[in-house]
Amino acid sequence: MKRYHIFLSLILLILVVLPLFLDNYILGIFVMVFFWAYVGQSWNVLTGYTGHISLGHALYIGVGAYTSTYLAQVFGLSPWFGMFAGGVVAAGIALFLGFLGFRFGLRGVYFVILTIAFAEITRLIVSHVEALGSFSGIFLDFEPSFWNFQFSGNLPYYYISLALMVGSLVAVYIIEQSKLGRFIVAIREDEEAAQALGVNTFKYNMLAIAISAFMTSIAGVFYANYIFYLHPNSMFGMSLSIELILRPIVGGLGTLFGPLIGSFLLTPLSEISRAYFAKGGLEGLHLVLYGIVAILVVLFMPKGIIVYVRRFLDPLMKDKK
Amino acid sequence: MSNLIATDITKRFGGLLAVNKLSFELAEGEILGLIGPNGAGKTTVFNCLSGFLTPEEGSMYLGGNAIKGLQPYQICQMGMARTFQIVKPFPTISVFDNVMVGALAHGTSLQEAKSMSQDIIESVGLRKMRDLEAQGLPLPLRKRLEMARALATRPRVLLLDEVMAGLNPTEVDEMIDLINQINQDGVSVLLIEHVMRGVMALSQRMIVINYGEKIAEGVPAEIVKNPLVIEAYLGKEFLSAQG
């Protein structure tokens, strides 16, 4: 374990000093790598560890983005505080969804449908509320300052998203070691058996979905203040919900480093191929490439790339006895 | 003193009467065998007792507290644990982590739970398999794991659902020793079993059910001579051929 700690600290150190050597464009790619790793990790808390598949996690991104932006525009509240408001709202919605799903025993595809329905309903509601910009969405005014969570240049975003990613890693590590983590894994493996052993499965399912939603909504606040434009279709839409689950699946579902590994592989691939194909007038082709990679991984590495990374790293990281 | 009392429990599945006014008591420190032909309703009785099903009628008390209508986890926390006939290990986590879940669900600290799980794993003979994934275990060891997890919840009453099915004679003997050991440590056991050698060796008393109804109750020596029991297992023709 000790060598792993040194190895990880080294990587973190490299990531901290890396911006000194990178231009703004490459920094932007790293921002997206960290961002998607963070969102994937947030989703992983629910689906990777409890096994309940959510295909509506865009909902929480949207709720975080809209709540903090609304509070900033109407009340002048800093997104730094707005993210907690957004988190509470997102967790509240997640608890309601969870109550319906877990209390009434909706499992498997029925739970999936429930998560999609919640995201779609919210998308339609937001599309029709004038105060939230309805169909045309909300443009954020660009007034860079720390208070406004807006910055010119990618450097501050780089460190914020890096902090988010590392923070989520630490949070999930703590969860993994705790009672909560052991119980939600038991739920994933066999919910009935967990109940029979005295685990209040309803309570721990609810905790997991609330934590997952809270974390995801913070990503929404970041996203809003990074791209400065909120549209119901892009913030609550199905394509975002699917986009955000690809990295943890490719990296390794229900593992601590899976979402991170998945993001380091897929995000640059998606960003670079997008730019490359767009130059040749083939916009959208990057999604095809992306899809092929996802299919290959699911076919040949169903447990994710992390299995191979560990097979390579574990022998190197073994402590001398 | 009785540890577990069931009075007139009745469970229907639509038009099928799975358990019909079944009453019994499990005394403190007792091993009670529950037998009956296939489909007699034994596992349904277990599901009612452990909270996975709620009987339409009747009452159930564990150590003086009513348990009817409670959730399975609540009943487990009150001191009654069960195993499943079709074993339900947590497949992709280690044997040790499987047992940890049971230990942790009962309010112990992480450190306590770890040492307790280690003790239990050794007492059921899974020490060498401690770090293996549960899905890699052969059936006899999975049955042991099932027992180990249930024991980790520190039950006063243990419901064992066919823990000897599919075991060879040597393994049955080992299981008998293990259950006796658990019983001597102060756990009352309600045992569903088809392996007659096992249930005869272990049970201090037995009850026999058929079509959800109790048809006999008594010490094992009496039960095997009871004409109703023989009829239930072997049919009327067998009796008339004998007589």
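These legends accompany close-up views of a predicted two-chain model. Local features need pLDDT of at least 70, side-chain atom pairs count only at pLDDT 80 or more, and totals for chains, interfaces and linings use all residues. Residues are numbered from 1 along each chain as its sequence is written, chains are lettered from A and ligands numbered from 1 in the order in which they are written, and side-chain values use heavy atoms, leaving out hydrogens and water.

**View 1. Chain A meets chain B.** Here 18 residues of chain A are in contact with 28 residues of chain B, where contact means heavy atoms within 4.5 Å. The size of an interface is often given as the accessible area lost when the parts come together. For chains A and B this buried area is about 2,000 Å², with 61% of it on carbon and sulfur atoms; the value is taken with a 1.4 Å probe and summed over both parts. On the chain A side, Arg182(A), Glu189(A) and Leu197(A) lose the most area to chain B, together 34% of what that side buries.

**View 2. Charged and polar pairs across the interface.** The rule finds three salt bridges between chain A and chain B, each a side-chain nitrogen of Lys or Arg within 4 Å of a carboxyl oxygen of Asp or Glu. One of them joins Lys88(B) to Glu192(A), at 3.1 Å from N to O. The elements that give two or more residues to this side of chain A are α7 (179–189) and α8 (191–196), helices being DSSP runs (H or I) of at least four residues, numbered from the N terminus. Helix α7(A) supplies the largest share, seven residues.

**View 3. Two cysteines of chain B.** Why is Cys48(B) not in a disulfide? Its sulfur lies 17 Å from the closest cysteine sulfur, in Cys76(B), too far for a bond, since a disulfide needs two cysteine sulfur atoms within 2.5 Å. Cys76(B) is likewise in no disulfide, and the count over all chains is zero. Cys48(B) is buried, at 2% relative accessible area, and Cys76(B) also counts as buried at 2%; buried means under 20%, exposed over 50% and partly exposed in between, with a 1.4 Å probe and protein chains only.

**View 4. Val109(A) and Ser54(A).** Val109(A) belongs to helix α5 (residues 109–127) of chain A. Is Val109(A) buried or exposed? With a relative accessible area of 55%, Val109(A) is exposed. Val109(A) and Ser54(A) are 55 residues apart in sequence, and their C-alpha atoms are 9.8 Å apart in space.

Technical notes: Buried area is the accessible area (1.4 Å probe) that two parts lose on being put together, summed over both.
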